[in-house]
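Open the model in your viewer and switch on the cartoon. This tour goes stop by stop: what to select, then what is there.

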Amino acid sequence: MEKYSVTITLQGLPKMVNANFKNNWRALWAERKRWKELTARSFIIYRPKEPLKKAKVTITRHSSRCPDYDGLVSAAKALLDGLKLAKIIEDDNMNVIGRPEFKWEKCSPKNGRVVITVESV
């Protein structure tokens with residue numbers, strides 16, 4: 001299989017687990033669904049011929065406040081599900097993506113975004 005590498009920037013920020021506890025289950029479901037579908041739609045034109053069986057995924061959250069690590073990871077779950085939905089990766093388990101790399105970078109308020117990079121391994 002040829003080398004695959006795509007980077008996409010999504011404007012806005014998925015809510016972290018701490019913020020989601022304030023909502024009811026329907027609001028949580030809607031939030032996750034929105035980010036899953038946004039990710040899938042954004043990547044679908046870059047779909048490889050077959051879903052990647054091994055991939056390196058890096059997700060960088062750009063926000064004005066530094067999150068705690070578990071919040072950073074929890075916010076990325078819907079993004080990983082979107083990669084699977086778009087058939088970029090075969091699955092989002094550790095056999096396929098190992099441990100994704102989660103990063104944070106400071107940005108100005110109201111300029112939040114998420115940058116997702118997927119590379120074949």
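Buried here means under 20% relative accessible area. Keep that cut-off in mind for the strand stops. The model is a predicted one.

**Stop 1: the sheet.** Select the four strands. They form an open sheet in the order β1-β4-β2-β3, with mixed pairing. β1 and β3 (101–106) are the edge strands, each pairing on one side only. From one strand to the next, the twist averages 15°.

**Stop 2: strand β1.** Select residues 5–11, which make up β1. Show the side chains. In a regular strand, side chains alternate between the two faces of the sheet. Which residues of β1 point to one face and are buried? They are Val6, Ile8 and Leu10. Ser5, Thr7, Thr9 and Gln11 point to the other face and are not buried.

**Stop 3: β1 against β4.** Add residues 113–120, strand β4. The two strands run antiparallel, joined by seven bridges. For one bridge pair, pick Ile8: its partner in β4 is Ile116.

**Stop 4: β2 against β4.** Now select residues 55–63, strand β2. Eight bridges join β2 to β4, and these strands are antiparallel. Pick Val57 and find its bridge partner in β4, Val118. 

**Stop 5: the helices on the sheet.** Bring back the whole sheet and add both helices. Helix α2 packs on the sheet, where it touches β1 and β4. The direction of α2 makes about 135° with that of β1. Helix α3 also packs on the sheet, touching β1, β2, β3 and β4. Its direction makes about 125° with that of β2.

**Stop 6: α2 against α3.** Hide the strands. Keep α2 (residues 25–43) and α3 (residues 69–85). Two packed helices are described by the angle between their axes and the distance between the axes. Here the axes come within 7 Å and cross at roughly 45°. That makes α2 oblique to α3. The crossing is right-handed.

Show the side chains where the helices meet. From α2, select Arg32, Trp35, Lys36, Thr39, Ala40 and Phe43. From α3, select Ser74, Lys77, Ala78, Leu79, Asp81, Gly82, Leu83 and Leu85. By class, the residues of this contact divide into seven nonpolar, three polar and four charged.

**Stop 7: Thr39.** Stay in α2 and centre on Thr39. Is Thr39 buried or exposed? Thr39 is buried, because its relative accessible area is 0%. Leaving out residues up to four places away in sequence, Thr39 touches Leu10, Leu79, Gly82, Leu83 and Ile116.

**Stop 8: Leu10.** Follow the contact from Thr39 to Leu10, back in β1. Leu10 counts as buried because its relative accessibility is 4%. What does Leu10 touch, not counting residues up to four places away in sequence? The contacts are Trp35, Leu38, Thr39, Ser42, Leu79, Arg113, Val114 and Ile116. Next, draw a distance from Leu10 to Ser42. Their C-alpha atoms are separated by 8.1 Å, with the residues 32 apart along the chain.

**Stop 9: His62.** Finish in β2, at His62. With 8% relative accessibility, His62 counts as buried. Its contacts, not counting residues up to four places away in sequence, are Leu13, Glu105, Cys107, Gly112, Arg113 and Val115. Select Arg113 last: it touches His62 and also Leu10.

Note on methods:
Residues are numbered from 1 along each chain as its sequence is written. This is a predicted model: local features need pLDDT of at least 70, side-chain atom pairs count only at pLDDT 80 or more; totals for chains, interfaces and linings use all residues. Side-chain values use heavy atoms; hydrogens and water are left out. Axes are lines fitted to C-alpha atoms, for helices over the stretch in contact, and angles run from 0 to 180 degrees between N-to-C directions. Angles under 35 degrees count as roughly parallel, over 145 as roughly antiparallel, 65 to 115 as roughly perpendicular and the rest as oblique. A crossing is left-handed if the near helix is turned anticlockwise from the far one by less than a right angle, and right-handed if clockwise. Contact means heavy atoms within 4.5 Å. Ala, Val, Leu, Ile, Met, Phe, Trp, Tyr, Cys and Pro count as nonpolar, Asp, Glu, Lys and Arg as charged, and the others, Gly among them, as polar. Buried means under 20% relative accessible area, exposed over 50%, partly exposed in between (1.4 Å probe, protein chains only). Two strands pair if DSSP finds at least two bridges between them.
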